[in-house]
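Colleague: I am new to this structure and would like to go through it with you, one question at a time. Could you show it to me first?

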Amino acid sequence: MIPLSRARSLQALLRLPVWLWLGAFFLVPFVITLKISLSEPATAMPPYLPVLDWRGGAGDWSDFLQALNVENYVTLATDALYRDAALASVAYALAATIILAGIATPLAYAIARSPAGRQPLLVALVVVPFWTSFLIRVYAWIAILKPEGLLNLGLMRLGLIGQPLEILNTPVAVLIGLVYAYLPFMVLPLYAVLSRLDPALREAAADLGASPARVFRTVTLPLALPGLLAGAALCFIPMVGEFVIPDLLGGSETLMLGRVLWSEFFSNRDWPLASAVAILLVVLVVGPVVLFRDAAAEAASGDGSGREIPGREGAP
């Protein structure tokens, strides 16, 4: 039997690569971005001041800290452009996540209830879009949604509309692109949970008189909550900072933080302000990450004690 102290040391050693990875690829870039966001723009390379000389002593550190300012964050707080972009990003991501949950839940449930021999094929069909470039797939939606595109052509030939619909360069087009691009990220976690559910639970509820809809609502859906929360996190977090979809499908009027960030970096070349926008994006994402993590942990640790099996009133 391994001593407790040695077991803890072994666990810490196994965690070390994870912490090194997070430190190298998250913490260090975050600190650099934070430092740039507290600097001032300059016509130079790199285009910001001050630049800290890591080889300097305490005096250089003192000068560097004194030169830092929060003017960029004041701009973010007072300028309606950045406030509206942040609110729009959260609204688009939240709306798309809700739509994804509504589409992916029955789809993952249908795959999980399919015969075992067909499930790998059905899962592969969900993953097939990943085999094509993301940019090409988004460009394909331009050909589908434009006034003379395939969607309007099909609807007009069916007699459902008399003139082309204006879908491209609207919020609807952005939502369509987001839902299409991130659907597999919602389906796969849900399928992973639903495929492991014990069929005896559904059969027990049905034997007690519950309808199929009630079985799904009161038995299957609560047990699938960890997968639903994991999929929501995988979709919501990157959608908040999405750039390609709103830029190509939303048109010039679509305002999201990803587009603002790109404009500040590459058009205005204001790296400090762009870095402040990036920090704002991280702050917007941290809250949902914590909520998703806590909710998923609570759902995964629940043992279902005290939950009444749906059935007829007064059933033993």
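Colleague: Which residues does L150 touch, not counting residues up to four places away in sequence?

Modeller: This is a predicted model, and in it L150 belongs to helix 7, which covers residues 150-157. The relative accessibility of L150 is 60%, and because exposed means over 50%, L150 counts as exposed. Once residues up to four places away in sequence are set aside, L150 touches A143 and I144.

Colleague: How many helices and strands are there in the chain, and what share of the 316 residues is buried?

Modeller: The chain holds 14 helices and two strands. Its accessible surface comes to about 18,800 Å², and carbon and sulfur atoms account for 68% of that surface. Of the 316 residues in the chain, the buried share is 34%.

Colleague: Among the contacts with a separation of 6 or more, what percentage is accounted for by residues 24 or more positions apart?

Modeller: One example of residues far apart in sequence yet brought together in space is L255 with A85, which are 170 residues apart in sequence and 5.2 Å apart from C-alpha to C-alpha. For the chain, the contacts with a separation of 6 or more include those between residues 24 or more positions apart, and their share is 71%.

Colleague: Staying with L255, is this residue buried, partly exposed or exposed, and which residues is L255 in contact with, leaving aside neighbours within four places in sequence?

Modeller: L255 is found in the loop between helix 12 and helix 13. Its relative accessibility is 27%, which lies between the 20% and 50% limits, so L255 counts as partly exposed. Leaving aside neighbours within four places in sequence, the residues in contact with L255 are L81, D84, A85, A88 and V260.

Colleague: How many salt bridges does a search of the whole structure find, and which side chains meet there?

Modeller: In general, side chains of opposite charge can pair when their charged atoms come close. A search of the whole structure finds one salt bridge, with a distance of 3.4 Å from N to O, and the side chains that meet in it are those of R259 and D247.

Colleague: Which helices does that pair link, and is R259 buried or exposed?

Modeller: The pair of R259 and D247 links distant parts of the chain, twelve residues apart, with R259 in helix 13 (residues 257-267) and D247 in helix 12 (residues 244-249). D247 is partly exposed, with a relative accessible area of 31%. R259 has a relative accessibility of 16%, and because buried means under 20%, R259 counts as buried.

Colleague: How many aromatic pairs does the count come to, and what is the geometry of the pair formed by Y109 and F216?

Modeller: The count comes to eleven aromatic pairs. In the pair formed by Y109 and F216, the centres are 4.9 Å apart and the planes are at 70°; because planes over 60 degrees apart count as edge-to-face, this pair is edge-to-face.

Colleague: Why does the pair of Y109 and F216 tie together parts that are apart in sequence?

Modeller: Y109 is buried, at 19% relative accessibility, whereas F216 is partly exposed, with a relative accessible area of 23%. Y109 lies in helix 4 (residues 80-113) and F216 in helix 10 (residues 212-223), so the pair ties together parts whose distance in sequence is 107 residues.

Colleague: Which residues form one aromatic cluster with F265 and F266?

Modeller: F265 and F266 themselves form a tilted aromatic pair, with 6.2 Å from centre to centre and 45° between the planes. F265 is partly exposed, with a relative accessible area of 24%, while F266 counts as exposed at 58%. The other members of their aromatic cluster are Y48, F243, W262 and W271.

Colleague: What is the phi of N169, and what is the phi of R269?

Modeller: Most residues other than glycine have a negative phi. N169 is found in the loop between helix 7 and helix 8 (171-194), and R269 in the loop between helix 13 and helix 14 (271-301). Both have a positive phi: for N169 the value is near 65°, and for R269 the value is near 55°.

Key:
Residues numbered from 1 in each chain as written. Predicted model: local features only at pLDDT ≥ 70, side-chain atom pairs only at ≥ 80, totals over all residues. Heavy atoms only, no water. Phe/Tyr/Trp six-rings, centres within 6.5 Å; stacked < 30°, edge-to-face > 60°. Helix = DSSP H or I, 4+ residues; strand = E, 2+ residues; numbered from the N terminus. Buried < 20%, exposed > 50% of the residue type's maximum accessible area, 1.4 Å probe, protein only. Contact = heavy atoms within 4.5 Å. Areas by Shrake-Rupley, 256 points an atom, 1.4 Å probe, with all protein chains shown as cover. Salt bridge = Lys/Arg side-chain N within 4 Å of Asp/Glu carboxyl O.
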